[in-house]
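Please explain how this protein is put together, moving from its interior to selected residues and ring pairs. A formal account in plain terms, suited to a first-year student, would be welcome.

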Amino acid sequence: MNPVGMVLRISKLGGSDSSRADLLCRRSTRAAGSLVAGAKRTDRVTSNLGRMLQNAAQSFCRHAAIRAQLLSYSRRSIARQQSTAAIDATQNAAINVFDLLEARGMVKQSTSNAGLRTHLENPRSVYLGIDPTAESLHVGHLLGLVALGHFQRAGHEPIILIGGGTGTVGDPTGRSDERIAQTSSTIANNARLIKAQVEGIFYHFTSSLDRDTLPALRVVNNRDWLKDVSLLEFLAGPAKYARVSQMLARDSAKTRLESQSGMSFTEFTYQLLQAYDFLHLHAHQRCTIQLGGSDQWGNIQSGIDLINRRCRPIGFSQDISTNPQAFGITVPLLQTAAGEKFGKSAGNAIWLDRDRTNDKAFSDFFRQTRDTDVRQYLQYFTFLPSREIDEIMQKQETQPGYAQEVLAEHVTRIARGQNELDKAKAIINLIQGGSLGKEHFKTILDAIGRTPEEAKLTNAIARTYIAGDIIKRVGHHNLLVMSGMAETKSQARKFMATGSYHVNGDKLEADPRTTIARHLYAQGAITVARGRRSALHVFVVHPPAST
């Protein structure tokens with residue numbers, strides 16, 4: 001083929017066939033070169049034509065090569081995107097959330113693992129039940145909430161069931177005696193507060209995600225359907241399907257029946273009421289999975305039994321499935337180093353409500369996690385990928401305490417939000433005598449309270465509330481005496497002379513009586529410390545009382 005024809009063929013091929021284009025490029029360039037060499041022996045016109053064809057061939061070759069490279073890169077890019085999407089889909093798909101929880105050590109018990117994985121190939125509804133026995137949840141609840149958060153991230157609808165009805169009965173699970181009955185108004189108030197709390201927690205869970213792409217959290221209260229059910233309806237309906245032998249075999253019943261106090265009939269019916277909750281949500285919300293602590297395993301099985309027996313919820317008029325599907329998953333119970341369960345009844349609860357457990361105490365709980373437990377807690381209480389947890393633990397080897405700091409920060413953020421995390425950091429920085437900028441004091445004052453009436457974190461940091469017209473007349477040595485860091489003014493001056501007195505994190509070696517109002521007085525607080533990391537005291541300035 002002559003070089004002109006070759007060049008035309010290259011232009012038509014472009015980058016669609018890189019191998020053929022490359023072959024033609026080489027042939028046409030050689031042919032044009034031969035034409036140029038032969039033209040030197042003939043005439044200039046032929047020589048110029050040869051050079052034009054040679055340049056054209058080389059140009060088309062370059063374009064063909066570039067287009068081929070772009071096409072190849074595009075194909076590789078698309079392949080990578082498809083591969084990444086496939087990986088993301090595998091990691092976030094419904095079928096993988098169970099494997100994810102298992103890999104993180106968050107599954108204690110489950111029903112029909114193979115069937116559950118198959119069932120989770122499509123989006124489902126999953127519920128976690130919580131009885132409103134207190135005004136706040138505690139860290140013992142957090143593991144179940146995080147597990148439910150993983151389901152939400154995998155595309156499943158999360159449901160929180162607040163036991164406004166079952167709370168009046170009291171769950172006997174794990175107890176040696178009967179719960180003290182609470183009034184209906186107390187339970188209703190607790191349910192209201194817990195509803196707001198879990199909604200806030202799930203908002204924090206999804207703070208870094210596109211919430212529009214996630215199934216929304218649904219919060220329900222079983223009092224809404226239990227309050228209208230009569231005793232006769234319940235006995236003729238769900239109770240008819242329950243088997244006493246199975247109910248007696250549950251650990252919650254066996255333990256109490258063997259105790260000295262025995263078990264009341266009211267408590268005995270609790271597992272049937274919880275089973276009815278699952279039945280109700282299964283029929284009305286198409287909820288097929290119940291999540292709970294490992295101590296709830298027997299109650300969860302009771303609900304599955306009731307569904308499998310094709311029991312019809314009271315007032316439910318639609319057809320019952322001939323092949324109902326219901327599954328249960330439990331998460332491990334959070335325990336102390338001595339093997340005790342965390343909780344209100346055990347008296348060692350770390351509350352999620354900051355008014356019950358202040359931000360510093362809350363973050364300190366996780367900051368004090370034992371080295372042997374910190375990896376597992378990162379798996380339990382954060383959404384960090386396992387590879388990041390591996391990197392954190394590697395860094396822990398050269399920086400002891402690093403993993404605990406990461407854990408405390410992440411858990412505080414997802415449980416209480418970024419604002420509360422900032423407050424906790426400011427308080428820790430303050431207590432440790434860190435360098436405090438002007439911008440930190442608003443956060444600190446919000447955390448500890450600006451007036452005696454709204455004082456918070458009373459166990460976290462010592463403080464004195466002082467009127468503005470008084471602090472203007474008080475010297476620094478007076479602050480040391482008022483805070484109890486010095487017994488006399490003379491001793492205070494001695495501390496200042498030795499450089500052991502710090503104001504707002506800065507060393508002060510004199511007695512600048514006239515400068516006290518300038519030390520962040522306009523921000524509403526002044527901090528004094530004897531030494532940078534001990535004996536810290538905050539003076540909060542509030543407006544003087546009216547005379």
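A nonpolar core is a set of buried Ala, Val, Leu, Ile, Met, Phe, Trp, Tyr and Cys residues that are joined through side-chain atoms within 4.5 Å. The structure shown here is a predicted model. Its largest nonpolar core has 56 residues, and those with the most contacts inside this core are Leu-145, Ile-160, Phe-366, Leu-378 and Phe-381. Helix H6, residues 139-153, gives the largest share of the core, 8 residues. Apart from this core lies another, of 28 residues, which includes Tyr-127, Phe-234, Leu-306 and Cys-311. As a general tendency, nonpolar side chains in soluble globular proteins are buried together.

Leu-378 offers a view of the surroundings of one core residue. Not counting residues up to four places away in sequence, Leu-378 touches Arg-104, Leu-384, Ile-389, Ile-392, Met-393, Ala-403, Val-406 and Leu-407.

The chain as a whole may be considered next. The secondary structure of the protein chain comes to 24 helices and 11 strands. Of the 547 residues in the chain, 48% are buried. The chain exposes about 27600 Å², and carbon and sulfur atoms supply 49% of that area. Among contacts with a separation of 6 or more, 70% join residues that are 24 or more positions apart.

A contact between distant parts of the sequence can be seen at Lys-108. This residue is placed in the loop between helix H4 (94-103) and strand S1 (109-110). The C-alpha atoms of Lys-108 and Thr-330 are separated by 5.4 Å, although the two residues are 222 residues apart along the chain. Leaving out residues up to four places away in sequence, Lys-108 touches Ser-294, Thr-330, Val-331 and Pro-332. Is Lys-108 buried or exposed? The relative accessible area of Lys-108 is 54%, and a residue counts as exposed over 50%, so Lys-108 is exposed.

Thr-357 also lies in a loop, the one between strand S6 (327-331) and helix H16 (359-367). Its relative accessible area is 7%, and buried means under 20%, so Thr-357 is buried. Beyond its neighbours within four places in sequence, Thr-357 is in contact with Ala-349, Ile-350, Trp-351, Phe-362 and Arg-416.

Some of these contact partners also take part in arrangements of a charge over a ring. Arg-416 lies over the face of Phe-362, at 4.2 Å from the ring centre. Arg-356 lies over the face of Trp-351, at 4.5 Å from the ring centre.

Rings can also pair with one another, and a search of the whole structure finds 10 aromatic pairs. In one of them, the rings of Tyr-377 and Phe-381 have their centres 5.3 Å apart and their planes at 85 degrees; planes over 60 degrees apart count as edge-to-face, so this pair is edge-to-face. Tyr-377 and Phe-381 both lie in helix H17 (residues 371-381), where they are 4 residues apart, about one turn of the helix. Both of these residues, Tyr-377 and Phe-381, are buried.

Phe-381 also forms an edge-to-face pair with Tyr-380, with 5.9 Å centre to centre and 85 degrees between the planes. Tyr-380 is buried, as is Phe-381. Ring pairs link Tyr-377, Tyr-380 and Phe-381 with Phe-362, Phe-365 and Phe-366 into a cluster. Two members of this cluster have appeared before: Phe-366 and Phe-381 are among the residues with the most contacts inside the largest nonpolar core.

Key
Residues are numbered from 1 along each chain as its sequence is written. This is a predicted model: local features need pLDDT of at least 70, side-chain atom pairs count only at pLDDT 80 or more; totals for chains, interfaces and linings use all residues. Side-chain values use heavy atoms; hydrogens and water are left out. Buried means under 20% relative accessible area, exposed over 50%, partly exposed in between (1.4 Å probe, protein chains only). Helices (H or I, at least four residues) and strands (E, at least two) are DSSP runs, numbered from the N terminus. Contact means heavy atoms within 4.5 Å. Rings of Phe, Tyr and Trp (its six-membered ring) pair if their centres lie within 6.5 Å; planes under 30 degrees apart count as stacked, over 60 as edge-to-face and the rest as tilted. A charge sits over a ring if NZ of Lys or CZ of Arg is within 6 Å of the ring centre and within 35 degrees of the ring normal. Accessible areas come from the Shrake-Rupley method with a 1.4 Å probe; for residues, only the protein chains shown count as cover.
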